[in-house]
Amino acid sequence: MYRISAESRFSAAHRLNGYEGNCRRVHGHNWTVKAQIATSVLDGRGLAFDFRDLSSHLKDIIDQFDHRLLNDIPPFDSINPSSENIAKYIYDALKKRLPDHICLVYVETSESDKYSAMYSEE
């Protein structure tokens, strides 16, 4: 099985509703998003999937978040824009863009060097 990954970044603010700590107030992060895919098939060029294509899909999805208040963007206007919910949203959106022979392994969102959340269907 071949696995490849791509990483992208965006800057955005959010607040966590129902949270008792400082994160209940609007604050910002420089988010890092990493996606990993897998396949057992290589194309005629010997590639599992083009890194540029994976990066482009990821960027298209997260561009809507860049320099925005996530709480104002659906679906985060009705669910908390937690790292976990953001990872699942990006996972679902990215999965729809990939060919059938490509398995999306996970999406990981990091809001700092110390904290991240990962979503997969495993």
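Colleague: Is glutamine 36 buried or exposed?
Modeller: This is a predicted model, in which local features need pLDDT of at least 70 and side-chain atom pairs count only at pLDDT 80 or more, while totals for chains, interfaces and linings use all residues. Residues are numbered from 1 along each chain as its sequence is written, and side-chain values use heavy atoms, with hydrogens and water left out. Buried means under 20% relative accessible area, exposed over 50% and partly exposed in between, with a 1.4 Å probe and protein chains only. Because its relative accessible area is 15%, glutamine 36 is buried.

Colleague: With which side chain does the side chain of glutamine 36 make a polar contact?
Modeller: Glutamine 36 is placed in strand β2, where strands (E, at least two residues) and helices (H or I, at least four) are DSSP runs numbered from the N terminus. A polar contact is a pair of N or O atoms within 3.5 Å; within protein, one must be able to donate a hydrogen and the other to accept it, and residues adjacent in sequence count only if both atoms are side-chain atoms. At 3.2 Å, the partner of the glutamine 36 side chain is the side chain of arginine 3.

Colleague: Which residues does cysteine 103 contact, leaving aside its neighbours within four places in sequence?
Modeller: Cysteine 103 lies in strand β3, residues 103-110, and it counts as partly exposed because its relative accessibility is 43%. With contact taken as heavy atoms within 4.5 Å, the residues it touches are Gln36, Ile37 and Ala38.

Colleague: Which side chains make polar contacts with the side chain of histidine 29?
Modeller: Histidine 29 is in strand β2, residues 27-39, and is buried, since its relative accessible area is 15%. Beyond residues up to four places away in sequence, it touches Phe10, Ser11, Ala12, His14 and Glu111. The polar contacts of its side chain, at 3.2 Å to one partner and 3.2 Å to the other, are with histidine 14 and histidine 27.

Colleague: Which element gives the largest share of the largest nonpolar core?
Modeller: A nonpolar core is a set of buried Ala, Val, Leu, Ile, Met, Phe, Trp, Tyr and Cys residues joined through side-chain atoms within 4.5 Å, and among the 27 residues of the largest one, Ile90, Leu94 and Val107 touch the most other members. Two or more residues each come from β1 (2-14), β2, α1 (51-62), α2 and β3. The largest share, five residues, comes from α2.

Colleague: Is histidine 67 buried or exposed?
Modeller: Histidine 67 is placed in the loop between α1 and α2, and its phi is near 55°, a positive value in a residue other than glycine. Most residues other than glycine have a negative phi, and most peptide bonds are trans. Because its relative accessibility is 67%, histidine 67 counts as exposed.

Colleague: Which residues does a cis peptide bond join?
Modeller: The loop between α1 and α2 also holds proline 75. With omega about 5°, the cis bond joins proline 74 and proline 75.
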